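Hello,

Here is the structure I promised to pass on. My notes on its salt bridges follow below it.

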Amino acid sequence: MFQFRFVSPYTLIGLLALTCWLPLAAAATTPDGAEPTAKTSQWIRAGRVLDVVKGEYATDQLITITDGKITAIEPIPKQAQPNDLWLDWSHLTVLPGLIDAHTHLCDNSHMGRAFDHWALPAASFGIAGVVNAKRTLQAGFTTVRDLSAPYYACVALRDAINAGWVPGPRMHSSGQMITMTGGHGDWGGWMAPEHQVQTPAETVADGTDAVRQAVRLQIQHGVDWIKLSATGGFGTTGTIPGASTYTQAEIQAAVEEAAKRGIGVAAHAHGNDGILNAIAAGVKSIEHGTLMDTQAIKQLKKNNTFVVMDLLAAHYDLIETKKDFTDKQIQTTNEAYYQDYAANFKRAYQAGVRLAFGTDSGVYPHGRNAEQFQLMVDAGMSPIDAIRSATTWAAELLGQEQAVGQIQVGMHADLLAVQGDPLTDIGVLTKVQQVMKGGELVPGD
């Protein structure tokens, strides 16, 4: 039975999107055949378990899960008698649940104008979020950072998932993106000057005082992160990705205001000047980093600033769907532009910049997140570091390194299982066999 509670004024969107979903409970007996304790325990017999820190496998392991947390990991005891009540993953490779640090679960912008912010009721974004959250979870991503949605739909979705109304990953939501007048995310920029947008899908603010007020507004509505736009973007009419928008002082005002509540700031930034402004202002992460040069890479490294480079979204737009971005002052072909981006990714990786896995889901169809691993390896990253970027490194960015990102005692029982060896064939991560979140199996479609 669901217990409903007031969690946010925006969870009304989630009400319109409720679906019935009963997680599968795994019955079990103790390894020696005794009755389970008063606590709810279960066991997984794993063929091999990946230690993402060491980059090594432990074989024939028994994982004990109690009340949704990992309570023991040990070689299968000699006296243990396997039985049908254990989860038998003895033929599978088990990894920690994956983390995507840049998603848009309530957005389907890959659908084009059909998903326009003013062509649909606000509830549509919450309903889309329910569908996309389930797909993302089934793909093995048990934690996400959702970086902006219209009308606070991602906050409502987070609350609905936490309340058990709908299935989905653990969400860290930013609410609405903060942008300047005419900046990336000021979606009404295509309108003639005699018209005004009365219900903006994002938050427009100019000057340090207005930016502070915008941050306070996001916090009032229950966000976990602040996202602001430091440069133009590909998805907004009239903006140029390489051009900076907010000044360093404006970004710093956002960082200072968010820090009062222990909240980090993520900066959308393609162009070098915007990247440098955001780093100097103290943001936690740079999103995209498409055009960063050697100076930006040095500053990222010096300031220990994370960068989240969405190779999959770029590949989808530039290569797969061959979108026309000639209005964005791109002076080269789509193929060359993508290769330059991949080369920047490699340079940042080789320089030791902190890289967290993020795909900008919603630009491409949801559920394909794991396809980015191959793109990262193709760009020069080792398979184990690609996995670390979506586990330990991303968990550190989110401040969740004690809860998710590893298979360790005391952490959430967020797991996925695949056939094969992702350290030799990273592509197996796109073929997930089993997913568990908090000790509950995630059913397939």
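Lysine 260 is exposed, at 57% relative accessible area. Its partner, glutamate 257, is buried at 6%. Here buried means under 20% relative accessible area, exposed means over 50%, and partly exposed lies in between (1.4 Å probe, protein chains only). The two form a salt bridge, with the closest N and O atoms 3.2 Å apart. That term means a side-chain nitrogen of Lys or Arg within 4 Å of a carboxyl oxygen of Asp or Glu. Both residues belong to a network of salt bridges with Arg212, Arg216 and Glu256.

This is a predicted model: local features need pLDDT of at least 70, side-chain atom pairs count only at pLDDT 80 or more, and totals for chains, interfaces and linings use all residues. Residues are numbered from 1 along each chain as its sequence is written, and side-chain values use heavy atoms, without hydrogens and water.

How many salt bridges are there by this rule? The count is 15.

Two more pairs are worth a look. Arginine 354 and glutamate 396 meet at 2.4 Å, N to O. They link distant parts of the chain, 42 residues apart. Arginine 354 is partly exposed at 25%. Glutamate 396 is partly exposed too, at 37%.

Aspartate 445 and lysine 134 also form a salt bridge, at 3.7 Å, N to O. These two are 311 residues apart in the chain. Aspartate 445 is exposed at 84%, whereas lysine 134 is partly exposed at 29%.

Why can such pairs form at all? Side chains of opposite charge can pair when their charged atoms come close.

Best wishes

Conventions. Helix = DSSP H or I, 4+ residues; strand = E, 2+ residues; numbered from the N terminus.
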